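Work through the two exercises below with the sequence and the 3D view side by side, and try each task before you read its solution.

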Amino acid sequence: MDGVLRLYFGESNLPTPEYIKQAAFRAMQDGFTFYTENAGLPSLRRAIAEHYRKMHHVELDPTSEIVVTASGVQAINLGIRCALDPGDDAIVLTPAWPNGSSSVMMANANVHQIAHPLCGERYRIDFDALEAAVTPRTRLLLYTSPSNPLGWVATDEEQQGLLDFARKYNLWLMADEVYDRLYYEGGKLGNPVPSILQKATRDDAVMVVHSFSKSYCMTGWRVGWFIARRDMTAKATQLNEFIISHAPTFAQKAGETALADGEGELVSMLERLKQNRDLCLNALRGLPGVTVPKPEGAFYVFPRIDGLTDSFGFCKRLLEETRVGLAPGVAFGAGGEGSIRICYAAESAILEPAMERLTKFLRAGA
Ligand SMILES: Cc1ncc(COP(=O)(O)O)c(C=O)c1O
């Protein structure tokens with residue numbers, strides 16, 4: 001359809017910053033065009049370890065606890081394939097980006113989605129439902145903080161609760177932290193959401209997946225990373241050989257530059273994203289029948305609309321009648337129906353008219 005105001009995607013509208021592109025050009029000229037290690041360039045793994053030391057005060061061994069991946073989704077896939085046998089069970093906290101659940105199914109394992117309950121204006125974790133979902137074959141629990149699509153960020157106690165739960169039932173705890181730098185409530189913009197790695201020991205069965213995509217506007221580059229206990233990273237490194245061998249070598253070099261020089265541009269992007277978030281909240285709050293939890297991270301708002309039972313149909317009508325494209329809540333699994341997802345990482349020339357059209361559509365009782 002022509003002329004659609006697109007807010008259904010999951011990436012920033014900003015191009016990759018020039019200094020990162022230049023780093024890739026330089027890397028190609030410097031000969032980073034050959035195969036490299038399955039676990040990624042040692043220099044990038046050292047840079048990631050240094051990043052965690054600086055950002056999270058966590059010590060990681062770059063040679064045995066970090067695997068560079070070809071994106072966040074590849075990190076999710078690797079961890080899941082290493083942790084699950086066919087017929088195993090995995091718990092996934094939802095609403096969530098659907099690829100985690102899909103990766104579980106592709107490993108011929110069973111997904112048990114547990115919805116975050118909305119209590120007042122905040123999403124929480126239903127620990128009773130988690131307890132009830134455990135079976136003798138449960139091996140893994142996946143959660144996402146900051147969340148896509150909720151913008152929810154696990155509190156300190158919630159993180160501890162998840163870790164305790166995983167320890168109690170001997171599960172792998174997979175934390176999707178790809179949005180950890182897109183955090184608006186951390187005191188100062190640029191402060192990350194504290195990683196689960198601060199609470200876990202290096203002997204805990206914990207995996208963290210991460211990516212260059214969101215913080216550095218590098219979605220098309222396909223570079224991410226995976227941090228886990230060393231027996232898991234050893235398996236993941238082996239498995240990488242048969243899937244992608246390794247992430248593109250010059251893109252890994254560009255990632256090193258992003259980590260080293262990216263703070264300034266990241267903070268400017270966060271300032272703009274926070275304004276966009278507030279614009280969406282101001283537009284939606286006070287609309288009758290609409291509940292809008294305040295997102296603390298990522299770049300989505302996920303308003304819940306009273307009485308909505310077909311979010312796909314809602315988004316289709318919105319598209320046809322107003323040319324605004326949003327993602328239906330039902331796409332994000334259990335707990336998603338009844339809501340719609342707006343990605344606000346867009347320029348004002350798109351976001352402002354889109355929000356005007358959406359609020360008019362909602363006011364008309366659509
Ligand atoms: C929660 C979450 N995790 C992981 C990813 C994967 O990002 P990428 O594969 O581009 O690194 C996404 C992308 O939308 C996401 O929303």
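Two exercises follow, one on the ligand and one on the pocket.

This is a predicted model, in which local features need pLDDT of at least 70 and side-chain atom pairs count only at pLDDT 80 or more, while totals for chains, interfaces and linings use all residues. Residues are numbered from 1 along each chain as its sequence is written, and side-chain values use heavy atoms, with hydrogens and water left out.

**Exercise 1.** Find which residues are closest to the ligand, and how much of its accessible area the protein covers.

*Solution.* Begin with the residues near the ligand, meaning those with a heavy atom within 4 Å of it: there are 13, and the closest are Gly72, Asp176, Ser211, Ser213 and Lys214. Next, look for polar contacts (pairs of N or O atoms within 3.5 Å). A backbone N or O atom of Gly72 lies 2.6 Å from a ligand oxygen, and a side-chain N or O atom of Ser211 is 2.6 Å from an oxygen of the ligand. For the side chain of Arg222, the distance from such an atom to a ligand oxygen is 2.8 Å. Finally, of the 400 Å² of accessible area that the ligand has on its own, the protein covers 94% (Shrake-Rupley method, 1.4 Å probe).

**Exercise 2.** Determine which residues lie nearest the centre of the largest pocket, and which helix gives the largest share of its lining.

*Solution.* Of the 18 lining residues, Trp97, Val178, Tyr179, Ser213 and Lys214 lie nearest the centre of the largest pocket. A pocket here is an open set of points on a 1 Å grid over the protein atoms alone, where a 1.4 Å probe fits, with protein on both sides within 12 Å along at least five of seven lines, and lining residues have an atom within 4 Å of a point. Helix H3 (residues 72-83) then supplies the largest share of the lining, 3 residues, a helix being a DSSP run (H or I) of at least four residues, numbered from the N terminus.

Key. A polar contact is a pair of N or O atoms within 3.5 Å; within protein, one must be able to donate a hydrogen and the other to accept it, and residues adjacent in sequence count only if both atoms are side-chain atoms. Helices (H or I, at least four residues) and strands (E, at least two) are DSSP runs, numbered from the N terminus.
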